[in-house]
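I opened the model to look up how its helices pack, what is buried, and where the backbone does something unusual. The entries below follow the order in which I looked.

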Amino acid sequence: MMITENPNIPPKLAVALKVLQALSFWVILLKPMIYEPQWAQSSLGTPIELYASHPLDELKKLKPIFLLGGVHGDEPLGVLLAQRTLELLKSEDKKAHPWALVPILNVDGYKKNTRVNGRGVDLNRNYPAQSWSPEHEKERYYPGPHPGSEPEVQAVVKFIAEFQPRLLIHCHSWKPMVVCAGEPGMKDAHRLAKSSGYEVQAEIGYPTPGSLSQFGWFDNRIPVICIEEADEASPKDVWPRFENGMREIFLDPSVR
Ligand SMILES: [Zn+2]
C-alpha cells in the first residue's frame, strides 16, 4: 500500500511522504524491527501492514502501545501523524517502550479517499462493543451489518485480545482535540495536549457506539486516545505539533 495513493493528498504532502518512504526503506535495513507487510487483509483483500518493536510472540508479554492511523480513509493528516511517529520509533527503536503500529488501517478507503472501508462501513462504528448499534444518521457512519463484521476491525480486536496493549492511540482529523477515554490514559493525553496546544476531552461531543474508545475502554478497560488534528491544518505543522508528546509517551522510561 503506497501511502501516497490517496488522490486528495496535496502535492507537497505527497512529496514529503515519498521522501519518508524512501528513508524508511533504509532505516528498515539498519534496524532490527518487525515489519509484517500482510499483517491482515481488508474486506476487499488488500494487505494491511503492521510494524512492531519486537517479534510478535515476544511483544505479547510486553504490554505494547498500539497506534493506528488511517482508520478513516479521508483523513490523510492522521496517516501522516502515524507515519511520522513510526519514523521516530524506527530511529529510537532500542529506547522506545514496546510498540506496534499500523500506518493505514482502512487501506481501501484511503485509496478512494472515503471515510468508510471498501464495503461502505465506518470502521470506528463497527467494533463489537456493547454499545454497538445498527442505527446511523448518515451513510458515512454505517456501522456494518453486525458488530465486528469487518476484517479490518477483526484484526484490531484480535490484536487487543492477544497483546493486551497498555494504551491504544488512533490518529484522525476533524476538529482539533485530544479525546481520552479512560483515566489511565490521561497522563499521556495531557502530554499530547501540552505538545499540540489542543484540549483534552473525555468525549468527542456526540455518541460513538461501536467505536474503538467504546470497545477499548468501556468494554476492556484499555485506555484509548483519539487524536483529532484540525482538518484544515497544514501538513507541515502536524509533526512539529505532536512530536514532543509522542516522544514523551514512547521514550520516557520513567513512567512505566
Ligand atoms: Zn476519523
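**Entry 1, α3 against α8.** I looked first at the contact in which Leu77, Leu80, Leu81, Arg84, Thr85, Leu88 and Leu89 of α3 meet Pro235, Val238, Trp239, Phe242, Met246, Arg247 and Phe250 of α8; two residues are in contact here if their C-beta atoms, placed from the backbone, lie within 7 Å. By class I noted eleven nonpolar, one polar and two charged residues in this contact, where Ala, Val, Leu, Ile, Met, Phe, Trp, Tyr, Cys and Pro count as nonpolar, Asp, Glu, Lys and Arg as charged, and the others, Gly among them, as polar. Helices and strands are DSSP runs numbered from the N terminus, helices being H or I with at least four residues and strands E with at least two.

I should record that this is a predicted model, in which local features need pLDDT of at least 70 and side-chain atom pairs count only at pLDDT 80 or more, while totals for chains, interfaces and linings use all residues. Residues are numbered from 1 along each chain as its sequence is written.

For the geometry, I found that α3 (residues 76-91) packs on α8 at an angle of about 45 degrees, with the axes 9 Å apart; axes are lines fitted to C-alpha atoms, for helices over the stretch in contact, and angles run from 0 to 180 degrees between N-to-C directions. The two helices, α3 and α8, are therefore oblique to each other, given that angles under 35 degrees count as roughly parallel, over 145 as roughly antiparallel, 65 to 115 as roughly perpendicular and the rest as oblique. The crossing of α3 past α8 is right-handed, a crossing being left-handed if the near helix is turned anticlockwise from the far one by less than a right angle, and right-handed if clockwise.

**Entry 2, α6 against α8.** I then turned to α6 (residues 186-196), which packs with α8 at about 155 degrees, the axes lying 7 Å apart. That angle makes α6 roughly antiparallel to α8, and α6 also passes α8 in a right-handed crossing. On the α6 side I listed Asp188, Arg191, Leu192, Lys194, Ser195 and Ser196, which meet Arg241, Phe242, Asn244, Gly245, Glu248 and Ile249 of α8. The residues of this contact divide into three nonpolar, four polar and five charged.

**Entry 3, single residues in these helices.** Is Glu248, which sits in α8 (residues 235-251), buried or exposed? I found Glu248 partly exposed, because 17 other C-beta atoms lie within 10 Å; a residue is buried with 20 or more other C-beta atoms within 10 Å of its own, exposed with 12 or fewer, and partly exposed in between, the C-beta atoms being placed from the backbone. His190, in α6, is partly exposed too, with 15 such atoms within 10 Å.

**Entry 4, α7 and what covers it.** I noted that α7 (residues 212-219) is mostly covered, with six of its eight residues buried, namely Leu212, Ser213, Gln214, Phe215, Gly216 and Trp217. What covers these buried residues includes α5 (151-163), β5 (167-174), β6 (177-181) and β8 (224-230).

**Entry 5, positive phi.** As a reminder to myself, most residues other than glycine have a negative phi. Arg221, which follows α7 in the loop between α7 and β8, has a positive phi near 60 degrees, and Arg221 is exposed, with 9 other C-beta atoms within 10 Å. Gln164, in the loop between α5 and β5, has a positive phi of about 45 degrees although it is not a glycine; Gln164 is partly exposed, with 15 other C-beta atoms within 10 Å.

**Entry 6, the whole chain.** I closed with the overall numbers: the protein chain has eight helices and eight strands, and its C-alpha trace spans about 45 × 40 × 35 Å along the principal axes. For 256 residues a compact globule would have a radius of gyration near 18 Å, and the 17 Å of the protein chain agrees; the radius is taken over C-alpha atoms, and the globule rule is 2.2 Å times the number of residues to the power 0.38. Buried residues make up 46% of the 256, and of the contacts with a separation of 6 or more, 71% join residues 24 or more positions apart.
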